[in-house]
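Biologist: Could you take me through one part of this model up close? I'd like a connected walk rather than a list.

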Amino acid sequence: MKTVTIEGQLRTETGKKNTRRLRSQGLVPGVIYGGSQEVNFSAPVLSFKNLVYTSEFQLAQINVEGKSYRCILKDVQLNKVSDALSHVDFLELVEDKKIVATIPIKFTGVSVGVKGGGKLVTKMKTLNVKTLPKYLKENIEVDLTTLELNGNIRVEDVQDENYEIMNSPRIPIASVVMTRQLKQEEASTTPAAGASAAKPAAGAAKPAAGAAKPAAGAAKPAAAAKAPVKK
């Protein structure tokens, strides 16, 4: 896995006054936690560029006062006005201690729904996972091959024996929806189907019309029954 090396200086003084002084010198204050002790340090702002301003998941090796700390980036603070990097938090990796990390999703394959004219819509870019440091990797692969038109791949469909996925299992990760062209094609075939279905209904009215004739003929015996009364 790709690792970014940061050369830092131990920071013994804290507080707003000291952090302002560091920033004025082109340095960014940071903290490393999760290990045997918390380490406050500072480093040049440019040394964080390849780690902070990227969507890739990477490790950080931070060297401070002759000691090396293997970490992952956990949080960044930006200036509300200038968006300049103002503080960074790192979690130290301890081999037998599980951590929660945010891993990017990498989609692979072409879904059958897209091949059939649908449009792929990706709804999540990362997953939160709980795992041991040795199982950390650059991305989690999600195969789209079997994804059908109007179908979804959800968090619960992602399986990795080394990861406990922390996101809600029913959240969709990706789906294939109908394009406008497919909707128009489907709409154009609907009236033809409706017209053919109407023909049996029209024909069914003929027996009903014929059924009225016996009712008219049934009145004749009632009229003939008056003849004996005249004699």
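**A close look at strand 6**

Modeller: Sure, and keep in mind that this is a predicted model. Let's start with H87, which sits in strand 6, the stretch covering residues 85-92. Is H87 buried or exposed? Its relative accessible area comes to 16%, and since the cut-off for buried is under 20%, H87 counts as buried. Its side chain has a polar contact with the side chain of D89, at 3.0 Å. Leaving aside residues up to four places away in sequence, H87 also touches R11, then V28, P29, G30 and V31, and finally D75, V76 and Q77.

Now stay in strand 6 and go to F90, which is part of an aromatic pair. The structure holds two such pairs. In one of them, the ring centres of F41 and F90 are 6.1 Å apart. What do we call the arrangement of these two planes? They meet at 45 degrees, so the pair is tilted. F41 belongs to strand 3 (residues 39-44) while F90 belongs to strand 6, so this pair ties together parts that are 49 residues apart in sequence.

How accessible are the two rings' residues? F41 has 0% relative accessibility and so counts as buried. F90 is also at 0%, so F90 counts as buried too. There's one further member to bring in: F48 joins F41 and F90 in one aromatic cluster.

So, back along strand 6, you have H87 with its side-chain polar contact to D89, and F90 with its tilted ring pairing to F41.

Conventions:
Residues are numbered from 1 along each chain as its sequence is written. This is a predicted model: local features need pLDDT of at least 70, side-chain atom pairs count only at pLDDT 80 or more; totals for chains, interfaces and linings use all residues. Side-chain values use heavy atoms; hydrogens and water are left out. Helices (H or I, at least four residues) and strands (E, at least two) are DSSP runs, numbered from the N terminus. Buried means under 20% relative accessible area, exposed over 50%, partly exposed in between (1.4 Å probe, protein chains only). A polar contact is a pair of N or O atoms within 3.5 Å; within protein, one must be able to donate a hydrogen and the other to accept it, and residues adjacent in sequence count only if both atoms are side-chain atoms. Contact means heavy atoms within 4.5 Å. Rings of Phe, Tyr and Trp (its six-membered ring) pair if their centres lie within 6.5 Å; planes under 30 degrees apart count as stacked, over 60 as edge-to-face and the rest as tilted.
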